[in-house]
There are 2 protein chains.
Amino acid sequence: MADFIGTHQGKLDAKGRVSVPAAYRASLKTGSTSGNTAPTAPAPLYLRPSHKFPCLEGFTEKAFARLEEELNKLPEFSDEHADLATAIYSEAIRLEADKEGRIVLPAELIGHAGLNEGGIAFLGKGKTFEIWDASTAERRKIEARERAAALHFTAPGVVH
Amino acid sequence: MADFIGTHQGKLDAKGRVSVPAAYRASLKTGSTSGNTAPTAPAPLYLRPSHKFPCLEGFTEKAFARLEEELNKLPEFSDEHADLATAIYSEAIRLEADKEGRIVLPAELIGHAGLNEGGIAFLGKGKTFEIWDASTAERRKIEARERAAALHFTAPGVVH
DNA sequence: CGGGATTTCATGGGAGTCAATGGATTTACA
DNA sequence: TGTAAATCCATTGACTCCCATGAAATCCCG
């Protein structure tokens with residue numbers, strides 16, 4: 001079932017902090033392997049720069065583990081394994097929200113996604129989500145809609 | 001089996017709330033994956049902007065899950081998967097009715113469908129339904145009727 | 001078959017709660 | 001001891017929940 005749905009607007013403050021949308025916080029907890037539901041339990045979240053877009057990809061602990069499974073399908077000492085491992089781990093970062101539900105984005109990731117204090121957007125992608133500059137996100141949504149339509153997606157009520 | 005049938009009028013209040021037609025509420029519960037029939041059980045409902053018309057498309061949990069199945073047919077790390085996931089999830093929203101059976105429509109969706117406090121219409125579409133501005137829905141019906149009539153007029157063998 | 005009583009819906013408004021944000025203060029570390 | 005980072009605190013505003021009223025359909029009983 002879908003964990004992350006919808007677009008949520010947010011702001012980056014001078015310290016590089018962002019509020020994780022309230023709608024996402026519960027999913028981050030259920031997506032944690034600990035399954036701890038205590039209010040004080042930290043909800044770990046993984047971020048990595050997207051290869052395809054100027055945005056950040058966000059994962060729950062479980063979703064990030066799926067990347068690792070993908071990695072383990074490759075021969076352990078192959079070049080592919082080494083490359084993928086580097087790609088997955090070297091640029092990723094594990095974050096925990098503070099008491100107010102905010103995370104601090106490293107300058108490197110802020111740069112990759114072109115984020116500024118003018119507004120950022122969380123885009124739900126089901127099992128994962130993305131963090132975009134707000135105005136860039138709008139363009140991306142239009143593009144995704146058009147390209148999805150080109151797939152001749154025929155399910156009821158979707159993109160035609 | 002058809003869950004949503006008929007046209008139901010409603011009103012948008014100053015807070016963006018609408019009563020879900022009583023005839024739809026039972027279907028929303030049976031369409032929930034939890035299958036919980038307790039009176040207190042929330043009846044989740046998914047809305048997304050239509051790309052074809054200025055209206056909103058409504059899904060039960062099960063109906064929305066069918067969209068996800070469509071998505072899962074695509075290779076997990078392909079461009080197509082990314083596009084479709086963004087198209088499906090980033091613009092959708094998951095809602096639960098309050099104790100009075102009302103839902104709150106986000107401003108973005110209200111804008112897309114051109115809804116105002118002058119009245120809205122729920123149109124049953126079988127497994128799904130649509131939410132329209134009442135007068136726009138009426139105009140669309142008239143337009144569809146006229147165009148259908150024009151087609152018949154020029155169709156071979158039709159005499160008036 | 002009526003007419004009143006009852007329940008279910010629809011709708012409006014108000015108060016409390018929580019999320020989001022900005023800033024201050026303390027801690028860690030060079 | 002200076003600088004950066006993490007934690008804590010406070011305020012605003014939005015949203016949720018709750019109750020209250022009115023209308024309409026249904027039921028029940030004479």
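The following exercises, with worked solutions, concern a predicted model of chains A and B with DNA strand C.

**Exercise 1.** Determine how chains A and B are related, and why the copies meet through different surfaces.

*Solution.* Begin with the superposition: chain A is brought onto chain B by a rotation of 26° with 18 Å of shift along its axis, at an RMSD of 1.8 Å. Next, consider the interface residues: only 11% of those in chain A are also interface residues in chain B, so the copies meet through different surfaces.

**Exercise 2.** Describe the protein surface near DNA strand C and identify polar contacts to this strand.

*Solution.* First, list the residues: 21 surround the strand, and Lys15(A), Arg25(A), Lys15(B), Arg17(B) and Arg25(B) come nearest. Sugar and phosphate make up 40% of the strand's atoms within 4 Å of the protein. Second, classify the residues: 14 are charged, five nonpolar and two polar. Third, locate them: strand S2 (17-19) and helix H1 (22-30), in chain A and in chain B, each supply at least two. Finally, examine individual contacts. The side chain of Arg17(A) places an N or O atom 2.8 Å from a base oxygen. Phosphate oxygens lie 3.1 Å from a polar side-chain atom of Lys11(B) and 2.6 Å from a side-chain N or O atom of Arg25(B).

**Exercise 3.** Characterise the largest nonpolar core and the surroundings of Leu105(A).

*Solution.* The core has 22 residues; Leu47(A), Leu105(A), Leu115(A), Phe129(A) and Ile131(A) touch the most other members. Helix H4 (107-113) of chain A gives the most, with three residues. Beyond its neighbours within four places in sequence, Leu105(A) contacts residues including Leu12(A), Val18(A), Leu47(A) and Leu115(A). A second, separate core has 21 residues, among them Phe4(B) and Tyr24(B).

Technical notes
Residues numbered from 1 in each chain as written. Chains lettered and ligands numbered in written order. Predicted model: local features only at pLDDT ≥ 70, side-chain atom pairs only at ≥ 80, totals over all residues. Heavy atoms only, no water. Least-squares fit on C-alpha atoms with pLDDT ≥ 70 in both. Contact = heavy atoms within 4.5 Å. Near = heavy atom within 4 Å. Polar contact = N/O pair within 3.5 Å; in protein donor to acceptor, adjacent residues only side chain to side chain. Helix = DSSP H or I, 4+ residues; strand = E, 2+ residues; numbered from the N terminus. Nonpolar A, V, L, I, M, F, W, Y, C, P; charged D, E, K, R; others polar. Core = buried A, V, L, I, M, F, W, Y, C linked by side-chain atoms within 4.5 Å. Buried < 20%, exposed > 50% of the residue type's maximum accessible area, 1.4 Å probe, protein only.
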